[in-house]
Amino acid sequence: MSDTNNKPAVGIDLGTTYSVIAHVNDNGRPVTIPNAEGDLLTPSVVLFDGDDVIVGREAIKARATELENVADCPKRQIGNQVYDKVFGDRRYPPEALQGWILNKLKSDATRVAGQFNQAVITVPAYFDEVRRKATQDSGFIGGLEVLDIINEPTAAAVAYGYHAGWINIAGKVDQPLNVLVYDLGGGTFDVTVMEVSKDNFRTIATDGDMRLGGQDWDQRLIDHISENFKSNHGIDPRQDDTALGKLLRDCKEAKETLSTRSRTQVECTCGSSSFKSEVTREEFEEMTLDLLDRTDFTVRQTLKSANMQWADIDKVVLVGGSTRMPAVQEMLRSLSGQVPDNSLSPDEAVAHGAALRSAMLLHKSSSAFRPAEIKNVNSHSLGVVANEVETGIRKVVPLIPRNTPLPVVSRRVFKTHRKNQESILVQIVEGESVDPEDCSQLGRCAIWDLPETLEIGTKIEVRFAYEENGRLKIKVKIGGDTNKAFRYEIQRPNSLTEEQLSSWREYICGPEA
Ligand code: ADP
Ligand code: MG
């Protein structure tokens with residue numbers, strides 16, 4: 001290759017249930033790097049074993065016997081200050097737990113990709129600003145320099161573009177294509193409409209359900225088997241930790257079996273009693289129909305937000321392990337009138353897209369890739385909280401509506417209420433409600449050390465800017481004399497400070513990181 005810059009181009013799909021790391025190999029192809037155990041998928045699970053911290057397969061195994069030491073799917077709690085479980089008297093921020101996962105992926109991958117620090121990490125499109133920042137911070141803690149944060153569906157579309165031959169130099173796409181990415185993973189659901197052309201990946205609309213995924217399908221099966229057991233033996237196996245641990249594992253397995261076979265059996269053991277139930281695919285699909293309907297609803301909503309009809313969609317791309325369920329493909333076929341594309345590996349597509357993005361950023365001079373542009377939208381409306389003049393009730397004043405193309409800037413002018421006012425606090429939220437309590441709290445824009453001589457009603461302009469990756473930056477300007485110095489920052493109640501980040505990084509990666 002004429003590429004002189006041979007830094008490893010690495011991408012990471014930091015998934016809720018499984019994480020995947022990939023790189024672009026010497027032939028310019030994205031490939032998944034197996035972990036030290038030889039698996040392509042690393043369970044996003046952390047085990048505290050005395051002084052050792054173990055990530056992945058062994059941590060999953062420990063779920064059945066020492067659940068109290070296992071941090072399951074920390075991504076579900078990212079954005080919170082601390083993970084809700086205590087391990088050995090200690091509480092951990094979700095960023096640190098993800099830091100361990102990322103650090104394992106990184107060190108395992110160096111055996112194949114060589115030494116590297118830089119990587120692109122993906123996030124769900126619906127992740128709010130707080131969670132995007134927390135993901136970047138997790139990368140830092142895990143010993144990485146985060147090159148970019150891109151949305152999972154965008155990464156999937158990039159991988160799709162690569163496989164379809166669009167983003168290598170020989171690729172030909174004359175017309176932009178509209179692609180709908182349907183991503184049903186283990187814990188989350190995401191749908192995105194994108195316009196893909198030879199040098200541009202533009203998100204048009206995105207929506208999702210943070211609390212819907214394969215685990216909910218597992219739970220239905222667990223409930224079904226448990227009810228069967230109860231009516232035969234009079235006890236509920238869900239009340240027994242050992243029985244439940246085994247049911248969790250067996251029902252997930254049974255569900256996956258039902259994607260290829262039309263029937264399967266699940267054996268439930270609780271105390272000294274055992275009971276075997278047979279489940280058919282038809283029964284399973286019936287007991288989970290409402291879950292599928294929820295995804296159907298979100299797909300329709302997203303299409304509507306994109307201002308499109310099915311006839312406008314050229315491709316439906318499937319991502320996420322749960323799209324292997326035949327019912328998902330069937331539903332999309334009847335909804336869209338076309339056969340969904342499953343040419344991508346649903347588990348690896350996101351990591352491959354991230355690795356390709358990494359190559360585009362690192363190997364700019366390379367002839368292998370077109371410099372494709374990635375255009376996102378914000379997935380939540382941005383607003384500030386203000387008191388309504390007539391009633392005094394606190395309400396959200398929307399500044400940037402959701403699905404606005406990024407980057408975007410919105411300015412708002414605040415006025416000082418008192419003479420010599422020294423500071424201003426502006427509460428920033430993301431969400432679709434006018435009630436601040438129903439929105440996600442991004443933080444407070446704090447402006448202090450205002451010049452002493454400000455008159456009442458002095459205009460203070462705050463500029464809110466979403467960058468391409470969905471991160472928020474602010475700038476503040478005071479009307480009149482702008483030469484005076486003052487300080488401002490976004491105070492984030494749920495974020496780690498710089499010192500905390502460094503100390504976690506050292507704790508997890510060692511002093512040389
Ligand atoms: P995430 O993005 O949340 O990490 P993945 O995309 O890796 O998740 O998907 C994991 C989910 O996919 C799990 O719930 C798993 O049970 C499910 N899954 C994997 N293979 C199959 C299959 N053959 N049939 C049904 N579900 C499957
Ligand atoms: Mg995923």
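Colleague: Through how many residues does the hairpin join β1 to β2?

Modeller: Strands are DSSP runs of E with at least two residues, numbered from the N terminus, and two of them pair if DSSP finds at least two bridges between them. In this predicted model, where local features need pLDDT of at least 70, the hairpin connects β1 to β2 through three residues. Residues are numbered from 1 along each chain as its sequence is written.

Colleague: In which sense do β1 and β2 run, and which residue of β2 stands opposite aspartate 13?

Modeller: Strand β1 (residues 10-14) and β2 run antiparallel and are joined by five bridges, with aspartate 13 placed opposite valine 20 of β2.

Colleague: Which residues are the bridge partners of tyrosine 18 in β4 and of alanine 22 in β3?

Modeller: β2 pairs with strand β4 (residues 42-43) in the antiparallel sense over two bridges, and there the partner of tyrosine 18 is proline 43. Three bridges link β2 to strand β3 (residues 30-32), again antiparallel, and in β3 the partner of alanine 22 is threonine 32. The hairpin of β2 and β3 has five residues between the strands, and in it glycine 28 takes a positive phi near 80°.

Colleague: Why is strand β2 described as largely enclosed by the rest of the structure?

Modeller: A residue is called buried when its relative accessible area is under 20%, exposed when it is over 50%, and partly exposed in between, using a 1.4 Å probe and protein chains only. For β2 (residues 18-24), six of the seven residues are buried, so the strand is largely enclosed by the rest of the structure.

How values were computed
Chains are lettered from A and ligands numbered from 1 in the order in which they are written. This is a predicted model: local features need pLDDT of at least 70, side-chain atom pairs count only at pLDDT 80 or more; totals for chains, interfaces and linings use all residues. Side-chain values use heavy atoms; hydrogens and water are left out. Helices (H or I, at least four residues) and strands (E, at least two) are DSSP runs, numbered from the N terminus.
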